[in-house]
Amino acid sequence: MTEIDRTLIGSETTPFVVEVEKGAIRKFADAIGDPNPAFRDAEAAVQQGYPGIIAPPTFPVTFFPPEVPAWTRDLDRRRVLAGEQRFQYSRPILAGDILTCRIIFRDVTDKMGKSGRMELLFQEIVGVDPNGNHVFTNTKSMVYREAAGNQ
């Protein structure tokens, strides 16, 4: 099974800008059930040692490019499963940040599971501030299952 175009490994999306809004941070914190006041109130964030309202650590999952990356564009979404995610930060994401992000296609590996063959796709979303300083890297994998009947 080789459906993901491996010639695209190393490719990157066109950079896209994310403007981090405090309302979006609050809604995300509410959705994940995290009551930390630093996600909602600037004074509380300052008392915790931050310069302002911060985003929850998994907030970059809400960052999407304007176009689907070339390496996933033609995949059958019904066969895609979310895999593992990791987040690395140089500093917290703050309300008011303007981040330039890009997605990098890192690798694909093949695996055999109980339900058949699958491809594991690895990519990173990297965000930098307006000065080009690294803010975060979200490393994630996705599982692309073999089509039914091909097993």
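Among the contacts in this protein between residues at least 6 apart in sequence, 70% join residues at least 24 apart. The model is a predicted one, and in it 38% of the 151 residues count as buried. Taken along the principal axes, the C-alpha atoms fill a box of roughly 55 × 30 × 20 Å. The secondary structure consists of two helices and five strands, and, when read along the sequence, these elements follow the pattern β-α-α-β-β-β-β.

The interior can be approached through the largest nonpolar core, which holds 30 residues, and in which Val-20, Phe-63, Ile-93, Leu-99, Cys-101 and Phe-136 touch the most other members. The elements that give two or more residues to this core are β1 (16-19), α1 (22-32), β3, β4 (116-128) and β5, and of these it is β3 that gives the most, with five residues. Cys-101, one of the residues named for touching the most other members of the core, shows what such a position looks like in terms of individual neighbours: leaving out residues up to four places away in sequence, Cys-101 touches Thr-14, Pro-15, Phe-16, Val-18, Phe-63, Ile-125, Val-126, Gly-127 and Phe-136.

Aromatic residues deserve a separate look. A pair of aromatic rings is described by the distance of the centres and the angle of the planes. A search of the whole structure finds five aromatic pairs. In one of them, the rings of Trp-71 and Phe-105 have centres 5.2 Å apart and planes at 20 degrees, and because planes under 30 degrees apart count as stacked, this pair is stacked. The pair links distant parts of the chain, since Trp-71 sits in the loop between α2 (42-47) and β2 (80-89), whereas Phe-105 belongs to strand β3 (residues 98-113), 34 residues apart. With buried meaning under 20% relative accessible area, Trp-71 counts as buried at 4%, and Phe-105 is likewise buried, with a relative accessible area of 0%.

For the rings of Tyr-89 and Phe-136, the centres are 6.4 Å apart and the planes are at 40 degrees, so this pair is tilted. Tyr-89 lies in strand β2 and Phe-136 in strand β5 (residues 134-145), so the pair ties together parts that are 47 residues apart in sequence. Tyr-89 is partly exposed, with a relative accessible area of 29%, whereas Phe-136 is buried, with a value of 0%. Both residues also belong to one aromatic cluster, which is formed by Phe-28, Phe-59, Phe-63, Tyr-89 and Phe-136. Two members of that cluster, Phe-63 and Phe-136, have been met already, as they are listed among the residues of the largest nonpolar core that touch the most other members.

Strand β5 also contains Ser-141, which is buried, with a relative accessible area of 16%. Apart from residues up to four places away in sequence, Ser-141 touches Ala-82, Gly-83, Glu-84, Leu-121 and Phe-122. A contrasting serine is Ser-90, found in the loop between β2 and β3, which is exposed, with a relative accessible area of 51%. Leaving aside neighbours within four places in sequence, Ser-90 is in contact with His-134 and Val-135. Ser-90 and Tyr-50, which are 40 residues apart in sequence, are 14 Å apart in space, C-alpha to C-alpha.

The last topic is the pockets. The largest pocket has a volume of about 380 Å³, and of the 20 residues that line this pocket, Phe-64, Thr-72, Gln-123, Lys-140 and Met-142 are the closest to its centre. Strands β2, β4 and β5 each supply at least two residues of the lining, with β2 contributing the largest share, four residues. By class, the lining of the largest pocket has twelve nonpolar, five polar and three charged residues.

The second largest pocket contains about 160 Å³ of space. Its lining is made up of Glu-12, Thr-13, Thr-14, Pro-65, Pro-66, Glu-67, Val-68, Pro-69, Ala-70, Trp-71 and Arg-73, which by class gives six nonpolar, two polar and three charged residues. Trp-71 therefore has two roles in this description, as it is part of the stacked pair with Phe-105 and also lines the second largest pocket. Thr-14, another residue of this lining, is among the residues that Cys-101 touches.

Key: Residues are numbered from 1 along each chain as its sequence is written. This is a predicted model: local features need pLDDT of at least 70, side-chain atom pairs count only at pLDDT 80 or more; totals for chains, interfaces and linings use all residues. Side-chain values use heavy atoms; hydrogens and water are left out. Rings of Phe, Tyr and Trp (its six-membered ring) pair if their centres lie within 6.5 Å; planes under 30 degrees apart count as stacked, over 60 as edge-to-face and the rest as tilted. Buried means under 20% relative accessible area, exposed over 50%, partly exposed in between (1.4 Å probe, protein chains only). A nonpolar core is a set of buried Ala, Val, Leu, Ile, Met, Phe, Trp, Tyr and Cys residues joined through side-chain atoms within 4.5 Å. Contact means heavy atoms within 4.5 Å. On a 1 Å grid over the protein atoms alone, a cavity is a set of points where a 1.4 Å probe fits but cannot get out, and a pocket is an open set with protein on both sides within 12 Å along at least five of seven lines; lining residues have an atom within 4 Å of a point. Grid points are joined across faces, edges and corners, and a volume is the space filled by probe spheres set on the points. Ala, Val, Leu, Ile, Met, Phe, Trp, Tyr, Cys and Pro count as nonpolar, Asp, Glu, Lys and Arg as charged, and the others, Gly among them, as polar.
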